[in-house]
Amino acid sequence: MNLGQFPNTRLRRNRTDSWIRDLVQENHLSVKDLIWPVFVIEGKGEKQEIDSMPGVYRYSIDLLVKEVLRAERLGIPAVAIFPVIDESLKTPKAREAYSPNNLVCRTVKAIKSATKNIGVICDIALDPYTTHGHDGIVRKGYVDNDETLKVLFEQAIVCARAGCDVVAPSDMMDGRVGVIREMLDMVELENVKILAYSAKYASSFYGPFRDAIGSSKNIKSLGKETYQMNPANSDEAMREIFLDIEEGADMVMVKPGIAYLDIVRRAKDNFDIPIFAYHVSGEYAMIKAAANNGWIDGQKVMLESMISFKRAGATAILTYCAVDIAEILIK
Ligand code: PBG
């Protein structure tokens, strides 16, 4: 007799009622798992919907602070700030990126003077600030790694001095985590954390984000595949994560999310460090578009996507639906 087999074993027995399904549930989603990426624009009282991201808005600082306070009340632990920089301030070498009074720095200060109870994450990359839309400095048609590093650490320092808690290099230059760590320590900002976008792929899922920050029209001529990873690779992601940990990353990230859950799982199995995952703009937009057509239940698909991140081993999830999900979870 084989006791492990039907009819002695019936896996459906543990699915008969919701109480038993709850008891045997292996993974759980909490508000504390969520990071809310937000878009900020200049002005006062401004709120613009992003066409390719229904339900996501660009806010001026005054309105954004209110939204962030709402997120805090819902229990969301952190927000990640992305700026829409005026075209007139964009330069080939991204000067505005390290101006201490740039839009991001003013946003961080405004949030921090309103509350100390929510974490503020600043993206470190030059794409919002460059005329060409690249994350780094372009020289002879190529994004120059070491020239870019000099600007990136300056950008990290101005964000950290403005009061952000976490800097998140998303540029994929080699060596940036080490340089940023060293420079932050040098100016006695040793408690500012680094969330490294370690396994960031050259993905077409970022399209709506580029519309949101206004870089898509600039990026056309040159792709990002000379610095972001090839979507076909997985071993290489482990090397990226390993090096970022060696260089001093406090947390690492996999991006995009749903199409890369195998990378999240491998990272979780291989490294004892918090693994964050980014449910990116295109993933959000696809769900919204299908839901708005009545083809799927948008809310349920969002929740299912979130629990998939948890099952894959993600410690935290960056998602544009963080507030909506938090509202569902605390009900
Ligand atoms: C910029 C950056 C991008 C995203 C986050 N930081 C876009 C890119 O690399 O072109 C994408 C986020 C999203 O699609 O939601 N370095």
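Modeller: Before we start, helices here are DSSP runs of H or I with at least four residues, numbered from the N terminus, and the model we are looking at is a predicted one.

Biologist: Okay, so what does Glu-188 do just after H5?

Modeller: Glu-188, which comes just after helix H5, takes a positive phi of about 60°.

Biologist: And which residues are buried in H5 itself?

Modeller: In H5, which runs over residues 176-186, the buried ones are Arg-176, Val-177, Val-179, Ile-180, Arg-181 and Leu-184.

Biologist: What do the buried residues of H5 pack against?

Modeller: They pack against three strands, S5 (119-124), S8 (166-169) and S9 (193-200), and also against helices H4 (145-162) and H8 (235-247).

Biologist: Switching to H11, which residues are buried there?

Modeller: Gly-298, Met-302, Ser-305, Met-306, Phe-309 and Ala-312 are the buried residues of H11.

Biologist: Where do they fall, seen down the axis of H11?

Modeller: They fall within an arc of 125°, so the buried residues line one face of the helix. Their packing partners include helix H10 (281-292) and strand S12 (316-319).

Biologist: And just after H11, which residue takes a positive phi?

Modeller: That is Gly-313, with a positive phi of about 115°.

Biologist: Last topic: which residues surround the ligand?

Modeller: The ligand is surrounded by Asp-123, Ala-125, Asp-127, Asp-135, Ser-170, Asp-171, Tyr-206, Phe-209, Arg-210, Val-280 and Ser-281.

Biologist: How many of that shell are charged?

Modeller: Five are charged, while four residues of the shell around the ligand are nonpolar and two are polar.

Note on methods: Residues are numbered from 1 along each chain as its sequence is written. This is a predicted model: local features need pLDDT of at least 70, side-chain atom pairs count only at pLDDT 80 or more; totals for chains, interfaces and linings use all residues. A residue is buried if 20 or more other C-beta atoms lie within 10 Å of its own, exposed if 12 or fewer, and partly exposed in between; C-beta atoms are placed from the backbone. Helices (H or I, at least four residues) and strands (E, at least two) are DSSP runs, numbered from the N terminus. Two residues are in contact if their C-beta atoms, placed from the backbone, lie within 7 Å. The arc is that of the directions from the helix axis to the C-beta atoms. A residue is near a molecule or strand if its C-beta atom, placed from the backbone, lies within 6 Å of it. Ala, Val, Leu, Ile, Met, Phe, Trp, Tyr, Cys and Pro count as nonpolar, Asp, Glu, Lys and Arg as charged, and the others, Gly among them, as polar.
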